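Q: Please take a close look at one strand and the strands that pair with it, and then place that part within the rest of the structure. A connected account would suit me better than a list.

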Amino acid sequence: MTDNDEQLLKTALYDLHVELGGKMVPFAGYSMPVQYPMGIMEEHKHTRHQAGLFDVSHMGQVRISGDNAALALERLMPVDVVNLGEMKQRYALFTNEKGGVMDDLMVTNAGDYLFLVVNAACKEQDISHLHQHLGDDCEIEVLEDYALLALQGPEAGAVMARLAPKSQDMVFMTAAQIDIDGVECFVTRSGYTGEDGFEISVPNKQAEQLARTLLVQPEVEPVGLGARDSLRLEAGLCLYGHDLDTETTPVESTLLWALSKSRRADGERPGGYPGDDIIMSQITDGVSRKRVGLKAQGRMPVREGAVLVDADDQEVGVVTSGGFGPTVEGPVAMGYVKTDYIAIDTVLFAMVRDKKVEVTVSKMPFVEQRYYRG
Amino acid sequence: MSTLGFTDDHEWVVAEDDGTALVGITDYAQEQLGELVYIELPEVGTEVEKGDAVAVIESVKSASDLMMPVSGEIIEINDELDGDPGKVNEDPMGAGWFLKVKLSDDSELDDLMDEVSYQEGLE
């Protein structure tokens, strides 16, 4: 074992991953299972057909409380937090002064506090960002001793209903404090696969017990980070650090749906977040490049970093995420292209190992989203 | 008579008396890579040097290179892998072979490990 491995952090489920035969790899400072013996392809398909259990405890969980916590948090994001109903969840973005994205996250109004889930690789930055801008007004608590499990797939609802009947009242992007087979958990009905599913925040001490309870359900198999990536890619969801970064605005990322009406130029609380002038003028005036979905013929995956050219070999963009979609049964990718080339069915070429591979601008998600909306 | 040899990079070589050799990846390699989705092979007639990256092996997650364990001219490729890369997962030392090469330097075979040394190296 090298020094590097020894420094890696472990989640509360580390021993369980090893016991299940998980192939452990370094990810955002943690030792995480990229796959189990079933393999990425089968884990992916199992999640689409039944239910997969993911350990996402490396992500940051933060509670923000205070009389005006929602209004304070709005200073950091182009998102309506003030009118986010109790036990409702919303996708959000921390922006920077250039209108770029520092991180994408989930915000839940848990009643007494706001519950945030941020990316593992960004969590230290995000926490200091929160302290710097909200520290005077709010209490910020990092939930170091909580694990986060995701149960995803069309059978996730049936599995949860069996163990926690209260979960049946939940619809997509809502939250509840729920007892799952004797373990008190904070649950949201959301995820990162395009499927129905739940994310479950549970104290570290009870995480393994809960994971084992879920894994003995006949529909559930453990799924690693490899399939998590191929599932989110097919679902057209952005991966921070790849499809989103500090140099790219949410308007360019075609995340206009995430920019709340009330925070836009003609809204009740316009602007007032980092980069507001740039983002609001881009909403009005447009942008020169945008994120699109890409599909290729044949089976050869087009991966991150591949340059996109037009028929005349003029560079028009770049691939930011790409791979083989096990459900699509073919290569899928997303990338940024000049706005002249964003129309669906536009034919472009990805440069893969000095060869031109034909790709077609395609509608995302690549698979139908199957969220439970009641 | 044929001789079987292995590299540190988990390729195998079966050299024949007629100066040709088959090349593929080991069972350990295919297991590490996981289910393969695409394999890009070189063109027949290509002259390659030992150490050249001649083929690309794509799994769901990543792309890896097949490094030539020996030098020579590619005289045949396994066309079956184009439609069915899973052959490498199922039978890496048999139906999942990658390519056949006409050796330009027989002495390179001496640098390969025998099966016992290769297996020991995995432990």
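A: A good place to begin is a pair of residues that face each other across two strands: G293(A) stands opposite M334(A), which belongs to β17(A). This model is predicted, and what follows should be read as a description of that prediction. The strand that carries G293(A) is β14 of chain A, residues 289-296, and it is joined to β17(A) by seven bridges, with the two strands running antiparallel. On β17(A) there is also a partnership with β16 of chain A, residues 315-325, where eight bridges link the two strands, again in antiparallel fashion. In that pairing V319(A) is placed opposite G335(A) of β17(A). The strands β16(A) and β17(A) form a hairpin, with four residues between them, and E329(A) in the turn has a positive phi of about 60°. As for how covered the strand is, β17(A), which spans residues 330-338, has seven of its nine residues buried.

Chain A also contains a sheet that can be described strand by strand. This open sheet has five strands in the order β5-β6-β7-β4-β8, with antiparallel pairing. Its edges are taken by β5 (89-95) and β8 (139-142) of chain A, and because each of these has a single partner strand, one side of each is left without a neighbour in the sheet. On average, and with direction ignored, neighbouring strands of this sheet are turned by 30° against each other. Within the sheet, β4 of chain A (residues 60-65) and β7 of chain A (residues 114-118) run antiparallel and are joined by five bridges, and I64(A) stands opposite L114(A) in β7(A). Helix α5 of chain A, residues 123-134, packs on this sheet and touches β4, β5, β6 (101-109), β7 and β8 of chain A, while its direction makes about 10° with that of β4(A).

Two other helices of chain A repay attention. In α6 of chain A, residues 156-163, the residues A156(A), V159(A) and M160(A) are buried. These cover an arc of only 95° around the axis, which puts them on the same side of α6(A). The face turned away from that buried side carries A161(A) and R162(A), which are exposed. The buried residues of α6(A) pack against several elements of chain A, namely β3 (51-55), β9 (146-152), β12 (197-203), α7 (204-215) and β13 (220-222).

The other helix is α8 of chain A, residues 225-234, in which A227(A) lies. A227(A) has 30 other C-beta atoms within 10 Å, and since 20 or more are needed for a residue to be called buried, A227(A) is buried. With its neighbours within four places in sequence left aside, A227(A) is in contact with I40(A), E43(A), H44(A), T47(A) and G52(A). By contrast with those contacts, M102(A) is 125 residues from A227(A) in sequence and 25 Å away in space, taken C-alpha to C-alpha.

Chain B can be set beside this picture. Its secondary structure comes to four helices and nine strands, which follow along the sequence the pattern β-β-β-α-β-β-β-β-β-α-α-β-α. The radius of gyration of chain B is 13 Å, close to the 14 Å that the globule rule gives for 123 residues, so chain B is as compact as a globular protein of that length. Its C-alpha atoms fill a box of roughly 35 × 35 × 25 Å along the principal axes, and buried residues make up 37% of its 123 residues. Of the contacts in chain B with a separation of 6 or more, 60% come from residues 24 or more positions apart.

An open sheet of three strands in chain B has the order β4-β6-β7, with antiparallel pairing. Here β4 (36-40) and β7 (63-67) of chain B stand at the edges, each with a single partner strand, so one side of each is left without a neighbour in the sheet. Neighbouring strands of this sheet are turned by 25° against each other on average, direction ignored. Five bridges join β6 of chain B, residues 53-59, to β7(B) in an antiparallel arrangement, and A55(B) has L66(B) in β7(B) as its bridge partner.

Finally, the two chains touch each other through 10 residues from chain B and 14 residues from chain A. On the side of chain B that touches chain A, β4 and β6 of chain B each supply at least two residues, and β4(B) gives the most, with three residues. By class, that side of chain B has five nonpolar, one polar and four charged residues.

Note on methods
Residues numbered from 1 in each chain as written. Chains lettered and ligands numbered in written order. Predicted model: local features only at pLDDT ≥ 70, side-chain atom pairs only at ≥ 80, totals over all residues. Buried ≥ 20, exposed ≤ 12 C-beta atoms within 10 Å, placed from the backbone. Arc of directions from axis to C-beta. Contact = placed C-beta atoms within 7 Å. Pairing = 2+ DSSP bridges. Axes fitted to C-alpha atoms, helices over the stretch in contact; angles between N-to-C directions. Nonpolar A, V, L, I, M, F, W, Y, C, P; charged D, E, K, R; others polar. Rg over C-alpha atoms; globule rule 2.2 N^0.38 Å.
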